[in-house]
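Please read this short report alongside the sequence and the coordinates. It deals with strand pairing and with aromatic rings.

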Amino acid sequence: ALLPGEAQHCYCKLCRRLSGSVAQSWVPASLETFRWSSSSSLRLMRTTNHGQRHFCSACGTDLTIVYDSQPDCVWPAAGTLEDSEVLSKAVWYRVIHICCSMM
């Protein structure tokens, strides 16, 4: 289940490169309740000094961010979620825009 709170739109170089777009949108989910529809081609890789990402080893799509500082939370890319109702039911109190020059 998605956690209420903040959604993130990230404009860092890594998110732009991996998404092929001007930004990547992320939404928080509890690791306790988040479920993959299929995990056979799932691969977790360290991509920064502060987090890891799940990738599909078949197509290369980056699917989530797992921040080291939030071990109980996973941030799936909003566009990869299968259930569109999940996003419409989530309670967002804040949407933040991240622009990082360090990546």
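## Strand 7 and the aromatic pairs

In this predicted model, strand 6 (residues 62-67) and strand 7 pair in the antiparallel sense over two bridges, and a hairpin of five residues leads from strand 6 into strand 7. Within this pairing, Thr64 stands opposite Pro76 of strand 7. Strand 7 is also joined to strand 3 (residues 29-30), again by two bridges and in an antiparallel arrangement, with Ala29 placed opposite Val74.

Strand 7 itself, which spans residues 73-76, is covered on both faces: Cys73 and Trp75 are buried on one side, while Val74 and Pro76 are buried on the other.

How many aromatic pairs does a search of the whole structure find? The search finds two, and they are set out below.

| Pair | Centre to centre | Angle between planes | Arrangement |
|---|---|---|---|
| Phe34 and Trp36 | 5.1 Å | 85° | edge-to-face |
| Tyr67 and Trp75 | 6.1 Å | 75° | edge-to-face |

The planes of Phe34 and Trp36 meet at 85°, and because an angle over 60 degrees counts as edge-to-face, the pair is assigned to that class. Phe34 has a relative accessibility of 15% and therefore counts as buried, whereas Trp36, with a relative accessible area of 31%, is partly exposed.

In the pair of Tyr67 and Trp75, Tyr67 is buried with a relative accessible area of 16%, and Trp75 is likewise counted as buried, at 3% relative accessibility.

Note on methods. Residues numbered from 1 in each chain as written. Predicted model: local features only at pLDDT ≥ 70, side-chain atom pairs only at ≥ 80, totals over all residues. Heavy atoms only, no water. Buried < 20%, exposed > 50% of the residue type's maximum accessible area, 1.4 Å probe, protein only. Helix = DSSP H or I, 4+ residues; strand = E, 2+ residues; numbered from the N terminus. Pairing = 2+ DSSP bridges. Phe/Tyr/Trp six-rings, centres within 6.5 Å; stacked < 30°, edge-to-face > 60°.
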